[in-house]
Amino acid sequence: SHELRTPLASLLGYIETLQDGAAKDKKTRNRFLEIMQGEASRMQTLIGDLMSLSRIEAEKYRAPEEDIALGPLIEEACQSVCATQGVKRDRVEIEPHDDEVRIAGDRVQITQLVSNLVGNSLKYGAPDDPVEVRYAPISDTMVRLTVEDKGEGIAPEHLPRLTERFYRIAPGRSRSLGGTGLGLAIVKHIVERHRGRLNIESELGAGTIVSVDLPKKPSALSSSRNENVTKADGPSLVGARDSQ
């Protein structure tokens, strides 16, 4: 409620000010319109994230079974995130894999998962250091995706709450960078729906590593469902960063 009301109240306030005569001054009008556009965009992004969570939760009992080539999906997601954030594509280093790595999943949701993790690392990682993305099989049934940055890291007392909705370590900084506070919450729910495991490690001054284990094939989903859903909850978070 607070996250929606704050930008809405700001919009209404600026509209009222413009109606009272501020629109006569072109410089003031343009500044107000720029702020209003930013608040509207923030609210649009927030609503989009809330709708994504709702869709993921509605499908959580239906295991996704689409056969996905992980490498091309990661490349496409990274290209999109870099373009959206206005950073050069070479800031993201994707470690290639000799063999084709495939998973069973929902293509839209896995793309969103990669986009959220890489987007977070680009926003909060050290601007002069690349974000590293790796993926490889770790067993006959599971594949591990890892996103690593060299940012500030995070203090351990924040770790238990990182995947809570709207939890932020530095609210002002997160909002100024366009964060909704739902990034890791969405990632967690996607991992749970895919019967996977989420692990986040961080060290102050050294950066953050986020690892996601996903099933290779549909047959792996039902056999590991109960164990993996449990592990995707809070206890698997051994270290982490802002939920952005």
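## A guided walk from one aromatic pair to the whole fold

A search of the whole structure, which is a predicted model, turns up one aromatic pair. The partners are Tyr14 and Phe32, and their arrangement is edge-to-face, with 4.8 Å from centre to centre and 65° between the planes. Those two values are what to look for, because a pair of aromatic rings is described by the distance of the centres and the angle of the planes. The pair links distant parts of the chain: Tyr14 sits in helix H1 (residues 2-19) and Phe32 in helix H2, 18 residues apart. Are the two rings buried or exposed? Tyr14 counts as partly exposed because its relative accessibility is 22%, and the cut-off for buried is under 20%. Phe32 has a relative accessible area of 10%, so Phe32 is buried.

Now step back to take in the protein as a whole. Its secondary structure comes to eight helices and seven strands. Of its 244 residues, 45% count as buried. Among the contacts with a separation of 6 or more, 77% are between residues 24 or more positions apart.

The sheet is a good place to continue. Five strands form an open sheet with mixed pairing, in the order S2-S4-S5-S7-S6. At the edges stand S2 and S6; each has a single partner strand, so one side of each is left without a neighbour in the sheet. From one strand to the next, the twist averages 15°. Helix H3 packs on this sheet and touches S2, S4 and S5, with a direction at about 175° to that of S2.

Let us cross the sheet strand by strand. Strands of a sheet pair through backbone hydrogen bonds, either parallel or antiparallel. Strand S2 (residues 92-94) pairs with S4 in the parallel sense, over three bridges, and Ile94 has Val133 in S4 as its bridge partner. Between S4 and S5 the sense is antiparallel, over six bridges. Here Arg134 stands opposite Thr146 in S5, and the two strands form a hairpin with four residues between them.

At the other end of the order, strand S6 (residues 197-203) and strand S7 (residues 207-215) pair in the antiparallel sense over seven bridges. Asn199 has Ser211 in S7 as its bridge partner, while Glu203 is matched with Gly207 in S7. The hairpin of S6 and S7 has three residues between the strands, and Gly205 takes a positive phi near 80° there. Helix H6 lies across S6 and S7, running at about 145° to S6.

H6 also has a helix for company. H4 and H6 pack at an angle of about 145°, with their axes 9 Å apart, and their crossing is left-handed. Which residues of H4 and H6 meet? On the H4 side they include Gln109, Ile110, Leu113 and Leu117, and on the H6 side Leu184, Val187, Ile190 and Arg193 are among them.

Arg193 deserves a closer look. This residue has its place in helix H6, and Arg193 is buried because its relative accessible area is 1%. Leaving aside neighbours within four places in sequence, Arg193 is in contact with Ile56, Glu59, Lys60, Arg62, Ala63, Pro64, Asp106 and Gln109.

Finally, come to the nonpolar interior. The largest nonpolar core has 40 residues, and those that touch the most other members are Leu70, Ile74, Ile110, Leu113, Val114, Leu117 and Val118. Helices and strands both contribute: helix H2 (26-58), helix H3 (70-85), helix H4 (107-124), strand S4 (131-137), strand S5 (142-149), helix H6 (183-193), S6 and S7 each supply at least two residues of this core. H3 gives the most, with seven residues. What does Ile110 touch, not counting residues up to four places away in sequence? Its contacts are Leu70, Leu73, Ile103, Ile190, His194 and Leu214. Apart from the largest core lies another one, of five residues, among them Leu11, Leu18, Phe32 and Met43. Phe32 brings us back to the start, as one of the two rings in the edge-to-face pair.

Conventions
Residues are numbered from 1 along each chain as its sequence is written. This is a predicted model: local features need pLDDT of at least 70, side-chain atom pairs count only at pLDDT 80 or more; totals for chains, interfaces and linings use all residues. Side-chain values use heavy atoms; hydrogens and water are left out. Two strands pair if DSSP finds at least two bridges between them. A nonpolar core is a set of buried Ala, Val, Leu, Ile, Met, Phe, Trp, Tyr and Cys residues joined through side-chain atoms within 4.5 Å. Buried means under 20% relative accessible area, exposed over 50%, partly exposed in between (1.4 Å probe, protein chains only). Contact means heavy atoms within 4.5 Å. Rings of Phe, Tyr and Trp (its six-membered ring) pair if their centres lie within 6.5 Å; planes under 30 degrees apart count as stacked, over 60 as edge-to-face and the rest as tilted. Axes are lines fitted to C-alpha atoms, for helices over the stretch in contact, and angles run from 0 to 180 degrees between N-to-C directions. A crossing is left-handed if the near helix is turned anticlockwise from the far one by less than a right angle, and right-handed if clockwise.
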